[in-house]
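Visitor: I am new to this structure, and I would like a close look at a single part of it. Please take me to a place where charged side chains meet, and then show me how that place sits in the whole.

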Amino acid sequence: VLKNALDWTSRAHRGEPQLAVFAGKAAALLSASPGAYGGTRALVQLRAVLTTLRVLVLPEQFALTLAGQAFGPDGSLTNPRAQAGVTEVAERFVALIRRMKG
C-alpha cells in the first residue's frame, strides 16, 4: 500500500518536472514488527524506493523487534535500548532538517 501511494504521488502534473513533489524532501526510516527482524527487510526496500525518488534518506534507521510486547500500558517503549534507538534516529533527523533549512 505504501509503495502504491508513493507511485501515485510521484507522478508529475502537467508542466511540472519529474519527481517535483519529492524535491528537497528528507526521510527517516523506522519500523515495528511482531517478528524477530522488526521490519528491517521492508526498510531496505523502502530506502531503495525513496532513493530512486531522490528523497534524502537518513543513513541511520531503527527497527523495533517483537513490537507486540514492546510497549507499556501508557504506550511508551519498555526497553530503554529501543527508546534510545528511536530517540537517536529522531534527533539525527531533526538535525538533518535544520541543516537543510540552513
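**A charged meeting place**

Guide: Let us start where the side chains of glutamate 88 and arginine 92 meet in a salt bridge, with N and O 3.1 Å apart (the term asks for a side-chain nitrogen of Lys or Arg within 4 Å of a carboxyl oxygen of Asp or Glu). Before going on, please keep in mind that this is a predicted model, in which local features need pLDDT of at least 70 and side-chain atom pairs count only at pLDDT 80 or more, while totals for chains, interfaces and linings use all residues. Residues are numbered from 1 along each chain as its sequence is written, and side-chain values use heavy atoms, leaving out hydrogens and water.

Both glutamate 88 and arginine 92 belong to helix H3, 4 residues apart, which is about one turn of the helix. Helices (H or I, at least four residues) and strands (E, at least two) are DSSP runs, numbered from the N terminus. Glutamate 88 counts as partly exposed because its relative accessibility is 37%; here buried means under 20% relative accessible area, exposed means over 50%, and partly exposed lies in between, with a 1.4 Å probe and protein chains only. Salt bridges that share partners join Glu88, Arg92 and Glu60 into one network.

Now follow arginine 92 to that further partner. Arginine 92 forms a salt bridge with glutamate 60, and their closest N and O atoms are 3.3 Å apart. This pair links distant parts of the chain, with arginine 92 in helix H3 (residues 80-101) and glutamate 60 in strand S2, 32 residues apart. The C-alpha atoms of glutamate 60 and arginine 92 are separated by 8.0 Å. Arginine 92 is partly exposed at a relative accessible area of 39%, and glutamate 60 is also classed as partly exposed, at 24%.

What else is in contact with glutamate 60, leaving aside its neighbours within four places in sequence? The list is Arg47, Glu88, Val89 and Arg92, where contact means heavy atoms within 4.5 Å.

Glutamate 60 also leads us to the strands. Its strand, S2 (residues 56-64), runs parallel to S1, and 6 bridges join the two (two strands pair if DSSP finds at least two bridges between them). One of the partnerships sets alanine 26 opposite leucine 56 in S2. Between these strands, the chain crosses from S1 through H2 to S2 in a right-handed β-α-β crossover. Right-handed means that, with the strands pointing away from the viewer, the path from the first strand over the helix to the second runs clockwise.

From here we can step back to the nonpolar interior. In soluble globular proteins, nonpolar side chains tend to be buried together. A nonpolar core is a set of buried Ala, Val, Leu, Ile, Met, Phe, Trp, Tyr and Cys residues joined through side-chain atoms within 4.5 Å. The largest one here has 11 residues, among them Leu6, Phe22, Leu29, Leu43 and Val57. Strand S1 (26-32) and helix H2 (40-52) are the elements that give two or more residues to this core, and H2 supplies the largest share, 3 residues. Apart from it lies another core of 9 residues, including Leu64, Ala70, Leu77 and Leu96. Leucine 6 touches Phe22, Leu46, Val49, Leu50 and Leu53, not counting residues up to four places away in sequence.

For comparison with our network, look at helix H1 (residues 2-9), where lysine 3 and aspartate 7 lie 4 residues apart, about one turn of the helix. Their salt bridge brings the closest N and O atoms to 2.7 Å. Lysine 3 is partly exposed at 43% relative accessibility, and aspartate 7 is partly exposed at 26%. The count of salt bridges comes to 3.

Finally, here is the whole around our chosen spot. The protein has 3 helices and 2 strands, following the pattern α-β-α-β-α along the sequence. Buried residues make up 26% of its 102 residues. Among contacts between residues at least 6 apart in sequence, 60% join residues at least 24 apart. The C-alpha trace spans about 50 × 35 × 25 Å along its principal axes.
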